[in-house]
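Hello,

Here is the structure I promised to pass on to you. Please have it open while you read, and my notes follow below.

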Amino acid sequence: MSATNQPLDPNEENQSVDASGQPEENTGEQQPAPEENLAELLEQAQAQVAQYYDELLRAKAEAENVRRRAQDDVAKARKFGTESFAESLVPVRDSLEAALAATDQTPESWREGVEVTLRQLTAAFERNQLKEVSPEPGEKFDPNVHQAISTVPSEFPEGCVVQRLQKGYTIAERVLRPALVTVSSGQAA
């Protein structure tokens, strides 16, 4: 053999050359066939899809449980929402029944019993945020909590309450029943 045909370095015999003519390093690992690599990628992707699908099903079930619990809570709130108010009214009923059951009462004791019962009812209203709307004559008419039945000429300025015909009530800042009033149309001519 001539010197030009022999490799200079005995380790270079098994080296391949890249496109630039430089020898490539051989790590001893063989590159997987493209089909093997794709199969592995497909397997990983399918495992990830299965995981996401499982997570989706769990999230869907949790959302359904939350929706069902919310419906149950709303149903219970409707059913038992007045429970606190009813508990406040039971003593009032007891007092009224006791007053009717008593046979030998004087007018003074009867009045005293009615006043005690009214205080119980007022306390029950306050505990449950039921407030009275009771405009006095001369007060400005408020269409949010008053209902005008008629307008009449009076000594009060136009748009003021002349007379309260019936008290109104609000519950937690919401009008339950407006106060019925007559309103001034101004001074008579």
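Strands E4 (residues 168-171) and E5 run antiparallel to each other and are joined over 3 bridges. Keep in mind as you look that this is a predicted model. Within this pairing, Ile-171 sits opposite Arg-174 of E5, and Thr-170 has Val-175 in E5 as its bridge partner. The two strands form a hairpin with 2 residues between them, and there Ala-172 adopts a positive phi near 50 degrees.

What does E4 pair with besides E5? Strand E1 is also its partner, in the antiparallel sense and over 4 bridges. You can find one of the contacts by looking for Glu-132, which stands opposite Tyr-169 in E4.

Put together, these strands make an open sheet of 3 strands in the order E1-E4-E5, with antiparallel pairing. Strands E1 (130-133) and E5 (174-177) are the edges: each has a single partner strand, so one side of each has no neighbour in the sheet. On average, neighbouring strands in this sheet are turned by 35 degrees against each other, if direction is ignored. As you follow a strand along, it may help to remember that side chains in a regular strand alternate between the two faces of the sheet.

Now to the charged side chains. How many salt bridges does a search of the whole structure find? The search gives 9 salt bridges. As background, side chains of opposite charge can pair when their charged atoms come close.

A good place to begin is helix H1, which spans residues 34-80. Here Glu-64, Arg-67 and Arg-68 are linked in a network of salt bridges. Glu-64 bonds with Arg-67 through a salt bridge whose closest N and O atoms are 2.3 Å apart. These two residues of H1 are 3 residues apart, which is about one turn of the helix. Glu-64 also forms a salt bridge with Arg-68, and in that case the closest N and O atoms are 3.6 Å apart. Arg-68 and Glu-64 are 4 residues apart in H1, again about one turn of the helix.

Are the members of this network buried or partly exposed? Glu-64 is partly exposed, with a relative accessible area of 29%. Arg-67 counts as partly exposed too, at 39% relative accessibility, and so does Arg-68, at 41%.

Helix H3 (residues 107-127) holds another pair, Glu-115 and Arg-111, which lie 4 residues apart, about one turn of the helix. Their side chains meet in a salt bridge, at 3.3 Å from N to O. Glu-115 counts as partly exposed, with 34% relative accessibility, whereas Arg-111 is exposed, with a relative accessible area of 57%.

One last thing to look at takes you back to the surface. Which residues make the nonpolar patch there? Tyr-53, Leu-56 and Leu-57 form this patch, and its area is about 310 Å². Tyr-53 belongs to helix H1, the helix that also carries Glu-64 and Arg-67.

If you would like a short route through the model, start at the hairpin of E4 and E5, cross the sheet to E1, and then move to the salt-bridge network of Glu-64, Arg-67 and Arg-68. After that, visit Glu-115 and Arg-111 in H3, and finish at the nonpolar patch around Tyr-53.

Enjoy exploring, and best wishes

Notes
Residues are numbered from 1 along each chain as its sequence is written. This is a predicted model: local features need pLDDT of at least 70, side-chain atom pairs count only at pLDDT 80 or more; totals for chains, interfaces and linings use all residues. Side-chain values use heavy atoms; hydrogens and water are left out. Patches are made of residues with over 30% relative accessible area and no salt bridge: like charges are joined within 9 Å, nonpolar side chains (Val, Leu, Ile, Met, Phe, Trp, Tyr) within 5 Å. Accessible areas come from the Shrake-Rupley method with a 1.4 Å probe; for residues, only the protein chains shown count as cover. A salt bridge is a side-chain nitrogen of Lys or Arg within 4 Å of a carboxyl oxygen of Asp or Glu. Two strands pair if DSSP finds at least two bridges between them. Axes are lines fitted to C-alpha atoms, for helices over the stretch in contact, and angles run from 0 to 180 degrees between N-to-C directions. Buried means under 20% relative accessible area, exposed over 50%, partly exposed in between (1.4 Å probe, protein chains only).
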